[in-house]
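User: I want to learn how to read polar contacts and ring pairs in a model. Can we take them in turn?

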Number of protein chains: 4
Amino acid sequence: MAYRAAVVGASGYTGAELLRLVAGHPALEVTHVTADSNAGAEVAALYPSLGAEYPALAYAAFDPADVSGVDVAFLALPHGESQRIVPDLLDRVGHIVDLGADFRLPEPDYEQWYGEAHAAPALLDRFAFGLPELFRDALAGADHAAAPGCYPTAAILALGPLLAEGLVEPAGIVVDALSGVSGRGRGLSAPSLFSEANENVSPYGLLTHRHTGEMEMALTAVAGAPARLLFTPHLVPMTRGVLATCHARAAVDGLATEALLTGYRAAYTDEPFVRVLDDAPSTKATLGSNAAHLTVRFDPRTGSVLALCALDNLVKGASGQALQCANVLLGLPETTGLSTVGLAP
Amino acid sequence: MAYRAAVVGASGYTGAELLRLVAGHPALEVTHVTADSNAGAEVAALYPSLGAEYPALAYAAFDPADVSGVDVAFLALPHGESQRIVPDLLDRVGHIVDLGADFRLPEPDYEQWYGEAHAAPALLDRFAFGLPELFRDALAGADHAAAPGCYPTAAILALGPLLAEGLVEPAGIVVDALSGVSGRGRGLSAPSLFSEANENVSPYGLLTHRHTGEMEMALTAVAGAPARLLFTPHLVPMTRGVLATCHARAAVDGLATEALLTGYRAAYTDEPFVRVLDDAPSTKATLGSNAAHLTVRFDPRTGSVLALCALDNLVKGASGQALQCANVLLGLPETTGLSTVGLAP
Amino acid sequence: MAYRAAVVGASGYTGAELLRLVAGHPALEVTHVTADSNAGAEVAALYPSLGAEYPALAYAAFDPADVSGVDVAFLALPHGESQRIVPDLLDRVGHIVDLGADFRLPEPDYEQWYGEAHAAPALLDRFAFGLPELFRDALAGADHAAAPGCYPTAAILALGPLLAEGLVEPAGIVVDALSGVSGRGRGLSAPSLFSEANENVSPYGLLTHRHTGEMEMALTAVAGAPARLLFTPHLVPMTRGVLATCHARAAVDGLATEALLTGYRAAYTDEPFVRVLDDAPSTKATLGSNAAHLTVRFDPRTGSVLALCALDNLVKGASGQALQCANVLLGLPETTGLSTVGLAP
Amino acid sequence: MAYRAAVVGASGYTGAELLRLVAGHPALEVTHVTADSNAGAEVAALYPSLGAEYPALAYAAFDPADVSGVDVAFLALPHGESQRIVPDLLDRVGHIVDLGADFRLPEPDYEQWYGEAHAAPALLDRFAFGLPELFRDALAGADHAAAPGCYPTAAILALGPLLAEGLVEPAGIVVDALSGVSGRGRGLSAPSLFSEANENVSPYGLLTHRHTGEMEMALTAVAGAPARLLFTPHLVPMTRGVLATCHARAAVDGLATEALLTGYRAAYTDEPFVRVLDDAPSTKATLGSNAAHLTVRFDPRTGSVLALCALDNLVKGASGQALQCANVLLGLPETTGLSTVGLAP
């Protein structure tokens, strides 16, 4: 007998990706899909790719009463909407996995980076930060999860082992990251147009991208000291994929690339979704999979460490990670329904 | 206990795609991968996307003795190579599924379209044409299969129901088809370069593309009368996907789009990998899946029928179809290990 | 002293492309740019690519009084808007070049294909069809021009010589054409999103695309007999470029590819923007230029002729052609300010 | 009367781009094109985009005697080849502009970064570093120029004003840069294949990319103190374009973004090809033009400066810059034949 799942906000890209993944999950079944703006439409009409698996499923407007009793509710909503509905949803469902940013940060950090008061601050600590590789214990003990975004997932996985071991300075970190256009979602906006994004590289959110707060919070937890970084995202002409190129200054003498690689392999040895590579990772190898590919280098010329992480922003950076969290919350094997094989070429 | 499979020519794109698919097949296990030009290399070095599933697998040079006893050998070789090795391989393995063109056509057709004598003509009728949707009976009774190429699969599925019912003239058919660049394989050539193919549409093989013979042979069989068509392929700037846009002249009075759609739905009602859509199909909805999406129209203005088919050239157009054939040959459920869900966006 | 030009609807892609081209035109100067939805915005804000040439130019709301007295007004407006403003504009400016569909078709054809009555039918014959290569005389004698769209330009140039010489049947023509996404303009819509269009081929407008009427009208004029064709457009993942793949049935005996190529070269020998190639044309070779590249084949197997034409949809398919028309109307050398060199790779 | 130019190595992408640009240059005429590997081939066969302008031009094998007497010889050769032919060419032609790396670095730096002895070290100081914006005086006084590569041009233009004014530390600089695939040239290699590069981001050359030396040399000259940086290039799925994202640590108190922007505008006020933008630059706005678009930010949170530069790697990053250098060497207005308008969308 399968667990029952609702996908709230199922007409966007992360919602659709959840439907794709759950279709291959042997113990989970989607019983509700909601999408206020597309209520009444069939999933197959918006996503012909899903028509064979969900031939009759249609979007409904969200009503907390409808989804009462599901084992897990995935919230794939625009920023700010989760905090509006979670208070009424929390006691109606077994578990919530929020794919948005609403329940990732402590209240003051949330206000700093999002420039507004949180609507449900009392519920923030009901959600564990949903990055199992680094925060599995907290997640396993929680009822609900706030899965981190694609950029933070890549940056935190790349830098985590360095900070955990105190090998680099927690301040002065640089994260330059590249994202495919699906990271902007299915909403209509000029920068998301093919003719604007194609054959183009666009840095954006200079100095102030909100994911900075998430990265600093998680890396501070890992480091045990305040992490401080400058994050610069770039839009690149591909649909999926995130690459984080991270720079940190050595905090100890005697660093060497080989030893760093060995350390990374040890740190992630039990992680089914993390692969530490000798060579530079590239995003395409992770396409459609829940894998994160990493490598690390020490540069003796500049005394700095370079750490790189590639992943699929819609899978390990969003819906795959949410499903991985749900597996933990439901007590299922963590890899259930999740692939490590990329669609390449 | 799993069946044992060899992939001969496993370093090319269709070979790698077989490895991706078999990784998710519960009753098949890859025991041998050969690639003369990459002998000794690890699969994970060429395809980091496969590293998690095949961490230690390495390519060997092809030796028929090595693969003796496997239940199925997939041949993913450049044109002309299968006919060299099949004579020595045929009695050593349970089944052969050839992804190349060597065993698809009768001897005279082969010579006409490929401009050379076949090296093993006596073995041609040991291979059934591996398009289960239209030739399942012959396939089920055969030992070996020659899976059709991506363009023929799309064109034959699109036109088959029309010709089977005698609704269109078997001559004067036009097939204009578009393919992603992976259809050219992993070989190095200028038209396959990103800087040449990107932001470009290139028709090629004008009048003489070899897949014409395959289409005409299969459609002749379906029609029971000589099919004759002009096929014009175009390279378009995407990695995967084939779309066939097919035109045929009405052979009967009273055609109408609605009735044609109904007929197509009936013709393919039991086919798990064929979806007949009301709307125009597009390739992306099939990405990574074994699905073919079709639609059909009657144009009263010109008295012609328009039939369209979209699929993933590396899956339903190559490796997925080969796996589907292997399932039939091995007596497994035909859908085992094959998905109908596309990776979109 | 330069002629003065207004670009009405200058914030869309064809408007911006006009600004790009006029920046290199020695005898034309843009004095007004209008864009109701972007009134007040600077050109350089919407198009940083134009910032160096138009550092201070800003869009104004359209007011016919403002543009009174310009030598030429280019109308780069959404369908249906030109016919609303032309009545009040016609006597205020030297020449109008309309890039839209409003003044291309005779009244009954307009109503048939656009499904609505024309708002200014009495003015239709004040506009010549702006395809100089085939209709130069009429254009040279006119005050105003209606430049054809990208698909019709490609199809008409490809098929024109065949129909002019009576070499093919005017009925039963098939035009399958491919377009880059910029052909959809800068408006926000889901199919124009990068994540939808990338790695995708989408046929659309099946049986009923409005450009059919334009093609049939022009080819009928060339043939001196009613031309009838089925036109199927496809969206392909590139920004610019149109390719028309055209099929027609031979009407005479003895056709041969060599003779057809010779005939095409003769037909277009004096045309600076048409190149007849031995090989198949591809869109990228025309990128950013006003060139159309063609080839032609006779297929003895099927008794049909295949004619192909590639061009840049925003240049020879829109703004370049409009500028070419303006040169004719103003009595300037027709090639002024227009390039035949493509940006490749 | 036009100056006569030879393009040596004219079959590669930078050579072809020179032909495109010179076609629009009123005072320069290409009289010789050489390409050993394509000797005998017509330019129009390799580059149909150039066929209209160079209908009869064919590549010859390189022979220094053939090009004797030209006013300028552009060398667009693979690394290492210029230093072989320059000794015999230097006294035969008016000026040499080398697009390769052979004459950019002093002898010891060359050996350090290229791992081999220079073949013609005595000639190194006959070449000025061909970045007019920062080194115009030396260039104007030289006979020959070594035009910098695409990455160094972007990084040096981005960081130059900061280092010239001593606003940032010359050590500890981070340059993360992105390049379109045409930067790899027209040579055949797996990473240049469409199916490998598309939908992919690949960092490469970790720690050791040779362009590091060029950046450090030029920035050291500008700073008057040893510049030290870590450069990490990334391949992104577009044909053209380079973006450099540069980080440096503030060396003085009181930095602010507004003041930095004002300083950049002052520094580049007389530079026709440099635009300082308030917003983040993106590569597409520079497509096909010789423009470089920049912006700069001070981040008080981390005490660092972020400077970004976008350009077209084949124009301002190669052939356009070479033509700009030739204009200086020939005493022509520096902007002759060079555009600042990008092809967008």
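Analyst: Start with the polar contact: a pair of N or O atoms within 3.5 Å. Within protein, one must be able to donate a hydrogen and the other to accept it, and residues adjacent in sequence count only if both atoms are side-chain atoms. This is a predicted model: local features need pLDDT of at least 70, side-chain atom pairs count only at pLDDT 80 or more, and totals for chains, interfaces and linings use all residues. Residues are numbered from 1 along each chain as its sequence is written, chains are lettered from A and ligands numbered from 1 in the order in which they are written, and side-chain values use heavy atoms, leaving out hydrogens and water.

User: Which backbone oxygen lies 2.6 Å from a polar atom of the T336(C) side chain?

Analyst: That of P333(C). T336(C) sits in the segment after α11 (315-330) of chain C.

User: Is T336(C) buried or exposed?

Analyst: Buried means under 20% relative accessible area, exposed over 50%, partly exposed in between (1.4 Å probe, protein chains only). T336(C) has 14%, so it is buried.

User: How many aromatic pairs are there over all chains?

Analyst: Rings of Phe, Tyr and Trp (its six-membered ring) pair if their centres lie within 6.5 Å; planes under 30 degrees apart count as stacked, over 60 as edge-to-face and the rest as tilted. The count is 22 over all chains. In one pair, F103(C) and F127(C), the ring centres are 4.3 Å apart and the planes at 20 degrees, so it is stacked.

User: What is the relative accessibility of F103(C)?

Analyst: F103(C) is at 2% and counts as buried. F127(C), at 8%, is buried.

Key:
Helix = DSSP H or I, 4+ residues; strand = E, 2+ residues; numbered from the N terminus.
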